[in-house]
Amino acid sequence: MRHRSVATQLSFALNSAANRMVRLHKPILEPLGLTFPQYLVILDLLDGAPVTVGKLGARLDMDTGTITPLLKRLDAAGLVTRKRDPNDERRVQVDLTSRARALEPEIRGVTDRIKSACQLTDKGVDELRRALEALAHPADN
């Protein structure tokens, strides 16, 4: 059996692409004071907040051990609020502050800047996203 080099492996290509995405986002997000995972949280919350920590984690495919420290840092930065759900004390509701909502145009503009840096068309982005979603969630398709 002939072995293939690491450079020909799908895992390597996906890891390289993921790392490049994070590197491309860094200079765009730094002036906003956000890391890549924090950006994902803010972007998701712009599309539907308030939301419980559990639901947010599920939407972003992050476990509580990952999402909770992110939210604590965003709370300390004045970008989100975390409050116990008055109807169910076990749940914590997360919402954006007015400061975070003021960043919406910059946050929403990140995608176009990344698309441009990758020299992708809208169609190319949609095709790539669909292929990656199918890989990430095969049972959903």
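Student: Let's start with the sheet. Which strands does H2 lie across, and at about what angle does H2 run to E3?

Tutor: Keep in mind that this is a predicted model. To read a helix against a sheet, ask which strands the helix covers, then compare directions. Here H2 lies across E1, E2 and E3, and runs at about 95° to E3. H4 packs on the sheet as well, touching E2 and E3, and its direction makes about 120° with that of E2.

Student: What is the strand order in that sheet, and is the sheet open or closed?

Tutor: Strand order is read across the sheet, not along the chain. In this case the sheet is open and has 3 strands in the order E1-E3-E2, with antiparallel pairing. E1 (51–52) and E2 are the edge strands, since each pairs on one side only.

Student: How many bridges link E1 and E3, and how many link E2 and E3?

Tutor: Count them pair by pair. E1 and E3 pair in the antiparallel sense over 2 bridges. For that pair, Val 51 stands opposite Val 94 in E3, while Thr 52 has Gln 93 as its bridge partner in E3. E2 and E3, also antiparallel, pair over 6 bridges, and Arg 84 stands opposite Val 92 in E3. A hairpin of 2 residues joins E2 to E3.

Student: What should I expect of side chains along a regular strand?

Tutor: In a regular strand they alternate between the two faces of the sheet. That's the general idea to carry with you when you step along a strand in the viewer.

Student: Now H4. How many residues does H4 have, and how far does H4 reach?

Tutor: A quick check on a helix is its span against the expected rise. H4 covers residues 64–76, which is 13 residues, and reaches 18 Å from first C-alpha to last, close to the 18 Å expected at 1.5 Å a residue.

Student: Which residues of H4 are buried, and why do they end up on the same side?

Tutor: The buried ones are Ile 67, Leu 70, Leu 71 and Leu 74. They share a side of H4 because they cover an arc of only 100° around the axis. On the face turned away from that buried side you'll find the exposed residues Gly 65 and Ala 76.

Student: What do the buried residues of H4 pack against?

Tutor: Their partners are helix H2 (36–46), helix H3 (53–60), strand E2 (80–85) and strand E3 (88–96).

Student: What about the ends? Which residue caps the N-terminal end of H4, and which residue with positive phi follows H4?

Tutor: For a cap, look for a side chain reaching the backbone at the helix end. Asp 63 does this job: one of its side-chain oxygens lies 3.1 Å from the backbone nitrogen of Gly 65. After H4 comes Gly 78, with a positive phi near 80°.

Student: Take one residue of H3, Leu 56. Is Leu 56 buried or exposed?

Tutor: Leu 56 counts as buried because its relative accessibility is 0%, and the cut-off for that label is under 20%. Setting aside residues up to four places away in sequence, Leu 56 touches Val 41, Asp 44, Leu 45, Val 51, Ile 67 and Leu 71. Leu 56 and Ile 67 sit 11 residues apart along the chain, with 8.2 Å between their C-alpha atoms.

Student: And the overall picture: how many helices and strands are there?

Tutor: The protein has 7 helices and 3 strands, in the pattern α-α-β-α-α-β-β-α-α-α along the sequence. Of its 141 residues, 27% count as buried.

How values were computed
Residues numbered from 1 in each chain as written. Predicted model: local features only at pLDDT ≥ 70, side-chain atom pairs only at ≥ 80, totals over all residues. Heavy atoms only, no water. Helix = DSSP H or I, 4+ residues; strand = E, 2+ residues; numbered from the N terminus. Expected span 1.5 Å × (residues − 1). Buried < 20%, exposed > 50% of the residue type's maximum accessible area, 1.4 Å probe, protein only. Arc of directions from axis to C-beta. Contact = heavy atoms within 4.5 Å. Polar contact = N/O pair within 3.5 Å; in protein donor to acceptor, adjacent residues only side chain to side chain. Pairing = 2+ DSSP bridges. Axes fitted to C-alpha atoms, helices over the stretch in contact; angles between N-to-C directions.
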